[in-house]
Amino acid sequence: MELLAREAQEALRQRSHRLRARASSEAGRLAFTEAEQQELRDIEDALARIAQGEFGRCARCGGAIGRHRLRAIPEARHCLTCAALER
């Protein structure tokens with residue numbers, strides 16, 4: 001899980017950097033859409049969970065999120081079962 005957390009951390013940092021670079025280049029200032037703001041919040045929350053050693057645990061049930069889901073969506077907060085309940 002530690003290797004997966006490091007991979008996710010790097011991927012999340014790169015996405016954050018790309019979002020910020022794109023937003024700052026559009027008007028010479030930071031201009032984020034609502035969706036981009038939410039994505040940045042999700043990225044920052046995921047990075048905090050990695051730093052706290054909580055990466056890979058569902059925020060709702062406490063169970064494992066699953067490696068395949070985390071590779072696809074490193075900022076995922078919920079396992080598949082709980083994510084379905086959130087909808």
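R15, E39 and E75 are linked in a network of salt bridges. That is a handy way into this structure, which is a predicted model. The count of salt bridges comes to six, and here are three of them, with the N to O distance for each.

| Acidic partner | Basic partner | Distance, N to O |
|---|---|---|
| E75 | R15 | 2.8 Å |
| E44 | R20 | 2.7 Å |
| E7 | R71 | 3.6 Å |

Let's start with E7 and R71, whose side chains meet in a salt bridge. E7 sits in helix α1 and R71 in helix α3 (residues 67-72), so this pair ties together parts that are 64 residues apart in sequence. E75 belongs to the loop between α3 and α4 (80-86) while R15 is in helix α1, so here the parts tied together are 60 residues apart in sequence. The third pair links E44 in helix α2 with R20 in helix α1, 24 residues apart.

How buried or exposed are these residues? E75 is buried, at a relative accessible area of 15%. E7 counts as partly exposed at 37% relative accessibility, E44 is partly exposed at 41%, and R20 is partly exposed at 32%.

Now for the nonpolar side of things. The largest nonpolar core has 17 residues, and L12, I50, F55 and L70 touch the most other members. Helices α1 and α2 (34-51) are the elements that give two or more residues to this core. Leaving out residues up to four places away in sequence, F55 has contacts that include M1, L4, A8, I50 and L70.

Finally, R18 lies in helix α1 (residues 2-27) and is partly exposed, with 49% relative accessibility. Its C-alpha atom is 31 Å from that of G63, 45 residues apart along the chain.

Technical notes
Residues are numbered from 1 along each chain as its sequence is written. This is a predicted model: local features need pLDDT of at least 70, side-chain atom pairs count only at pLDDT 80 or more; totals for chains, interfaces and linings use all residues. Side-chain values use heavy atoms; hydrogens and water are left out. Helices (H or I, at least four residues) and strands (E, at least two) are DSSP runs, numbered from the N terminus. Buried means under 20% relative accessible area, exposed over 50%, partly exposed in between (1.4 Å probe, protein chains only). A nonpolar core is a set of buried Ala, Val, Leu, Ile, Met, Phe, Trp, Tyr and Cys residues joined through side-chain atoms within 4.5 Å. Contact means heavy atoms within 4.5 Å. A salt bridge is a side-chain nitrogen of Lys or Arg within 4 Å of a carboxyl oxygen of Asp or Glu.
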